[in-house]
Amino acid sequence: MASLKELRGRITGVKSTRKITNAMKMVAAPTLRRAQSQAEAARPYAEAMRRMMAELAAATRGADAASLPTLLAGTGKDNVHLVVVLTSDRGLAGGFNANVVRSARQLIDSLLAEGKTVRILPVGRKGGDILVRHYPSMIVEQLSGTEGKDVGFDKASAVGAKIITMLEAGGIDRCTLVYNRFVNAMTQIAVQAPLVPLPVAENDNAEASDAAQYEFEPDEATLLAQLLPRNLQVQLFSALLESAAGEQGARMTAMDNASRNASKAIDRLSQKYNRTRQANITNELIEIISGAEAV
């Protein structure tokens, strides 16, 4: 049985831990509100651009892939796949990083089972460290994530430039993005979003016939040269915002659960301390009474 001194030390230690988790929860709350508003504000533009580009991809269905931009139609091959994985740089966020890595590993393993060559581009230290251990020879480069700060468009531009460079060099044929889509503070959904080639819009025949009518001004090549890289950056930026909001929500939820568990542990230890103290007092009284009777 633990002594009273040991129990007092445990209670003090758990109380200190509860103070830390409560402080981290309070810090994550305003950060979550800001990150959530940014993610929700970016969704309409990203969704509209994704839909427009998907309709454009549908309009070019059947055309020779060699005559189309690689960001639109890919290389025409399906041999080398790049998997971009967005995670956080910091831990203490519950299952946030584990969910993304699990989804990424399922995708990677399924591609390997099909005989594909896989390249991995981790964005974020936590997920990158795990993927490096499991797939050391497949890592292209390990990039830092948002580091818990506000997400800047320059981060999406850097990742997009890396993808475009690999695509134009013929190093990859397809690219898929794996990240956590923010739902609320308690729920984040791991999403596998294809980036290259662009997914084709799935519409009925009437809608598809209308969506396929495009007039390019000044010309198709000039417009797509600007629009396609921008679309890639926008989709990456939206995913980074979603991931940042999900990270803060997961961290706030994890710290709230940790604080609750600490309070329960303090109650159990306090109860055990009181029982031990009462037992010691009872034993002392019994010894005093026994000594008095012996005299």
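Here, a residue counts as partly exposed when its relative accessible area falls between the buried range, under 20%, and the exposed range, over 50%. With that in hand, welcome to a few close-up views of this predicted model.

**Figure 1. A salt bridge within helix α4 joins Arg125 and Asp129.** Asp129 has a relative accessibility of 32%, so this residue counts as partly exposed. Its partner Arg125 is also classed as partly exposed, because its value is 41%. The nitrogen-to-oxygen distance between the two side chains is 4.0 Å. Both residues belong to helix α4, which covers residues 125-134, and they sit four residues apart, or about one turn of the helix.

**Figure 2. Lys162 pairs with Glu141.** In this salt bridge, the closest N and O atoms are 3.2 Å apart. The contact links distant parts of the chain: Lys162 comes from helix α5 (residues 153-168), while Glu141 comes from the loop between α4 and α5, 21 residues away. Lys162, at 27% relative accessibility, is partly exposed, and so is Glu141, at 32%.

**Figure 3. Two loops meet through Lys116 and Asp78.** Look here for a salt bridge whose closest N and O atoms lie 3.3 Å from each other. Lys116 is in the loop between α3 (96-113) and β2 (117-123), and Asp78 is in the loop between α2 (70-73) and β1 (80-86); the two are 38 residues apart and connect distant parts of the chain. Asp78 counts as partly exposed because its relative accessibility is 29%.

**Figure 4. Lys25, Asp256 and Arg260 form a salt-bridge network.** In this view, salt bridges link the three residues together. For the wider picture, the whole structure contains 10 salt bridges.

**Figure 5. The largest pocket has a volume of about 250 Å³.** Its lining consists of 20 residues, and those closest to the centre are Arg50, Ala193, Pro194, Leu195 and Gln235. Helices α1 (4-59) and α7 and strands β3 (174-184) and β4 (187-196) each contribute at least two lining residues. By residue type, the lining has 12 nonpolar, three polar and five charged members.

**Figure 6. Four residues make a nonpolar patch on the surface.** Ile281, Leu285, Ile288 and Ile289 build this patch of about 360 Å². One of them, Leu285, can be found in helix α7, which spans residues 220-294. Leu285 is partly exposed, because its relative accessibility is 47%.

Note on methods: Residues are numbered from 1 along each chain as its sequence is written. This is a predicted model: local features need pLDDT of at least 70, side-chain atom pairs count only at pLDDT 80 or more; totals for chains, interfaces and linings use all residues. Side-chain values use heavy atoms; hydrogens and water are left out. Patches are made of residues with over 30% relative accessible area and no salt bridge: like charges are joined within 9 Å, nonpolar side chains (Val, Leu, Ile, Met, Phe, Trp, Tyr) within 5 Å. Accessible areas come from the Shrake-Rupley method with a 1.4 Å probe; for residues, only the protein chains shown count as cover. Buried means under 20% relative accessible area, exposed over 50%, partly exposed in between (1.4 Å probe, protein chains only). On a 1 Å grid over the protein atoms alone, a cavity is a set of points where a 1.4 Å probe fits but cannot get out, and a pocket is an open set with protein on both sides within 12 Å along at least five of seven lines; lining residues have an atom within 4 Å of a point. Grid points are joined across faces, edges and corners, and a volume is the space filled by probe spheres set on the points. Ala, Val, Leu, Ile, Met, Phe, Trp, Tyr, Cys and Pro count as nonpolar, Asp, Glu, Lys and Arg as charged, and the others, Gly among them, as polar.
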